[in-house]
Number of protein chains: 2
Amino acid sequence: MALIVQKYGGTSVGSIERIRNVAERVAKFKMLGHQVVVVVSAMSGETNRLIGLAKEIQKDPDPREMDVLVSTGEQVTIALLCMALKDLGLKAKSYTGWQVPIRTDSAHTKARIEDIDDQAMRADLDAGHVVVVAGFQGIDGENNITTLGRGGSDTTGVALAAALKADECQIYTDVDGVYTTDPRIVPEARKLDTITFEEMLELASLGSKVLQIRSVEFAGKYKVKLRVLSSFEDAGEGTLITFEDNHMEQAVISGIAFNRDEAKLTILGVPDKPGVAGSILGAIADANIDVDMIVQNVGSDGTTDFSFTVHRSELKKALEVLDMVKSAIGAREVTGDDKIAKVSIVGVGMRTHAGVASKMFKSLAAENINIQMISTSEIKISVIVEDKYMELAVRALHQAFGLDARPA
Amino acid sequence: MALIVQKYGGTSVGSIERIRNVAERVAKFKMLGHQVVVVVSAMSGETNRLIGLAKEIQKDPDPREMDVLVSTGEQVTIALLCMALKDLGLKAKSYTGWQVPIRTDSAHTKARIEDIDDQAMRADLDAGHVVVVAGFQGIDGENNITTLGRGGSDTTGVALAAALKADECQIYTDVDGVYTTDPRIVPEARKLDTITFEEMLELASLGSKVLQIRSVEFAGKYKVKLRVLSSFEDAGEGTLITFEDNHMEQAVISGIAFNRDEAKLTILGVPDKPGVAGSILGAIADANIDVDMIVQNVGSDGTTDFSFTVHRSELKKALEVLDMVKSAIGAREVTGDDKIAKVSIVGVGMRTHAGVASKMFKSLAAENINIQMISTSEIKISVIVEDKYMELAVRALHQAFGLDARPA
């Protein structure tokens, strides 16, 4: 008998029929003698509907009330799923975030889980119940409803698995696992049977939508065995996220991620003296704008050019901040560009294989794709290219690194 | 400075625009220096939508999960109303039932309020917040979400007014007060400036939809000053429910209520011996069917006929029960009739004025309306008539008792 946490996203519970399907899958695991905790998102479309209502009332809706509002989405799903489970003759009990309770900090709309009390859930599990928990939500120290932000249901699933010391956390989604890259861009993309936790973390942070990054961080911190599976197909073991760094058996590169979410800002003719980068980024941080890649070119005439990327939706705000910073630091010009894309290759094999970067750059050059910025970590290389070349770059790299074929 | 509790029903918060209107009305009271607690229902249609989802899954939905599900309706409204209040520059804070907390018993879908903790609300009121509470919901001793049943938001409003010792509880609805009868049936129906608590209680129990009966009981028990007003018109003081029995200034009859919610059952040829009525009603009660009017005719041949009314939706079930009882008690025949209506006249003046009943019966006879059953209390007389005569009966009585004109 194992204790399994299963998480189903909005598409997987998007209709009454799909909720029934989830109940039937849960029933199968229960019949095998397992204890099952199910975490669900709001039915697809519901969260956006609620946010739409809020924005009709307040341009910038109050965060505390936003959490009260959107947390109803998951509450509807837990009730309906419990009804479906009971309709199959199973014992089931729903839990909102505050009923668990899942304690978080007070950062409304993007709260972080601080503590989970597993006592009530465990008693229900031991009494033979399927426990159904609302994802994405919690309660702070003053009894306020909080939410973990978009994709937070993954994090709830992993955090519950950690708190309950579950044998496995299964993330059911609309794809049957983690792919070398998005099959919609590269038809030859291949499902991975396993991927290391670090690679998954990089992929998630680089724009792969399969798993929410904080859930992967959580899984890493608490060594939760995580598996990505399809909620629509019964076949297959999905992709297991492993903690063994068995790169000997792995390809050099495991996957290619990409996104068009970013915009690039450049300040030209910045006086090349200590503290300038700090002034620029300090002003950006004060405006609550997150920065991703940062590049500074060494200057020859006593000035330097300084570039960084932000989320595309924040380009306008960031440009306004830089316009003010420009005169303060005596820079020449500020430019912004949202016609960019980020393409990244990820793989723990990179650590021990030289020449990965040069192979990447050569592959792109062979397609005449100009690289605007480069950023690297131990197991990933990201480049910024003009956005119209994104698909071409992904396909070229997928082939160059042998991802089209099964690794040796 | 007064402390006012305002309750807005589903129609009053049925759209974003209407929620804005409610916020503006609340703002006016706040500007006058009052402390305001607002209780809201789910947006109109929302509760039925949720119940519809549940019934798609389970024919007879699990009551605990039903409460988890439908309580989201009011939770959406409190969040949206707080946003609208904040958009007007007011301080506002929403409370779900469990956040107050409003403690109830564990009777899911029809729980009763046991206790309200006013501490958190009072602190927020003193800090200048408008407090917005989800109607209709509470929490039981085991942290389960409960609901008070249909119309329960009125009860929440009155119970909060009692707990906070509010100066007035204002029930905003789609009519501008309590009428002598439904103006859709009798165009001459007149709005009452005041009505006694007892009359209101009878009217509510007899099918007037203006106030939910348990809220009136609650108001009576805790002497809450209750006022019914329109949420769509600004003019008028509505109808105040008073505790003074000032019938000297009142008409004999205050109002006429009616409904088509009931069905009549009759057992013919019942052996006329002690305990028979008990056996019949005991069997009905065991089947969880509520009985309203009961009439037993004295028999001449050693048998008697026994009639009672139940909610129309329970006629089939009640007939099945009676068919079993019939043979057990040796009765001759069981009949059921759902083509009936109940018409009632209500007024504290009845206590001191003789002849009210005969005047009622004569008025109906003058219209050739046959009376099938009669039931009386100190301040009301109800009759069962064939349902096609209901409107005619109401109009005849409205005129006969001088309700068309202003009372002397």
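These legends describe close-up views of a predicted model.

**View 1. The pairing of chain A with chain B.**
Two copies of a chain are related by a rotation about an axis and a shift along it. Here, a turn of 180 degrees and a shift of 0.0 Å along the axis lay chain A on chain B. The RMSD of that fit is 0.1 Å. The two copies are thus related as by a two-fold rotation axis. Both copies use the same surface, and 100% of the contact residues of chain A recur in chain B. Which residue of chain A comes closest to the rotation axis? A:T72 does, with its C-alpha at 2.6 Å.

**View 2. The side of chain A that touches chain B.**
Chain A gives 27 residues to the contact, and chain B gives 27 residues. On the side of chain A, the elements that give two or more residues are α1 (16-31), α2 (46-57) and α3 (63-87). Which of these gives the largest share? It is α3(A), with 14 residues. By class, this side of chain A has 16 nonpolar, six polar and five charged residues.

**View 3. B:K86 and its contacts.**
B:K86 is found in helix α3 (residues 63-87) of chain B. Is B:K86 buried or exposed? It has 21 C-beta neighbours inside 10 Å, so it counts as buried; the cut-off is 20 or more. Leave aside its neighbours within four places in sequence, and B:K86 is in contact with A:Q58, A:D62 and B:A92. Now look at B:M324, 238 residues from B:K86 along the chain. The C-alpha atoms of B:K86 and B:M324 are separated by 61 Å.

**View 4. Helices α2 and α3 of chain B.**
Two packed helices are described by the angle between their axes and the distance between the axes. For α2(B), residues 46-57, and α3(B), the axes come within 8 Å. They cross at roughly 150 degrees. That angle makes α2(B) roughly antiparallel to α3(B), because it is over 145 degrees. The crossing is right-handed. From α2(B), the residues that meet α3(B) are B:E46, B:T47, B:L50, B:I51 and B:A54. Opposite them in α3(B) are B:M66, B:L69, B:V70, B:T72 and B:G73. This contact has six nonpolar, three polar and one charged residues. An α-helix has 3.6 residues a turn, so residues three or four places apart point the same way.

**View 5. Helices α10 and α11 of chain B.**
Helix α10(B) spans residues 356-366, and helix α11(B) spans residues 390-400. Their axes come within 9 Å and cross at roughly 130 degrees. That makes α10(B) oblique to α11(B). The crossing of α10(B) and α11(B) is right-handed. Which residues of α10(B) meet α11(B)? They are B:K359, B:M360, B:S363 and B:L364. Their partners in α11(B) are B:A393, B:A396, B:L397 and B:A400. The residues of this contact divide into six nonpolar, one polar and one charged.

**View 6. Helix α6 of chain B.**
Helix α6(B) covers residues 197-205. How many of its nine residues are buried? Eight are, so α6(B) is largely enclosed by the rest of the structure. The buried residues are B:F197, B:E198, B:E199, B:M200, B:L201, B:E202, B:L203 and B:A204.

Key: Residues numbered from 1 in each chain as written. Chains lettered and ligands numbered in written order. Predicted model: local features only at pLDDT ≥ 70, side-chain atom pairs only at ≥ 80, totals over all residues. Buried ≥ 20, exposed ≤ 12 C-beta atoms within 10 Å, placed from the backbone. Helix = DSSP H or I, 4+ residues; strand = E, 2+ residues; numbered from the N terminus. Contact = placed C-beta atoms within 7 Å. Axes fitted to C-alpha atoms, helices over the stretch in contact; angles between N-to-C directions. Parallel < 35°, antiparallel > 145°, perpendicular 65-115°, else oblique. Left-handed = near helix turned anticlockwise from the far one by under 90°. Nonpolar A, V, L, I, M, F, W, Y, C, P; charged D, E, K, R; others polar. Least-squares fit on C-alpha atoms with pLDDT ≥ 70 in both.
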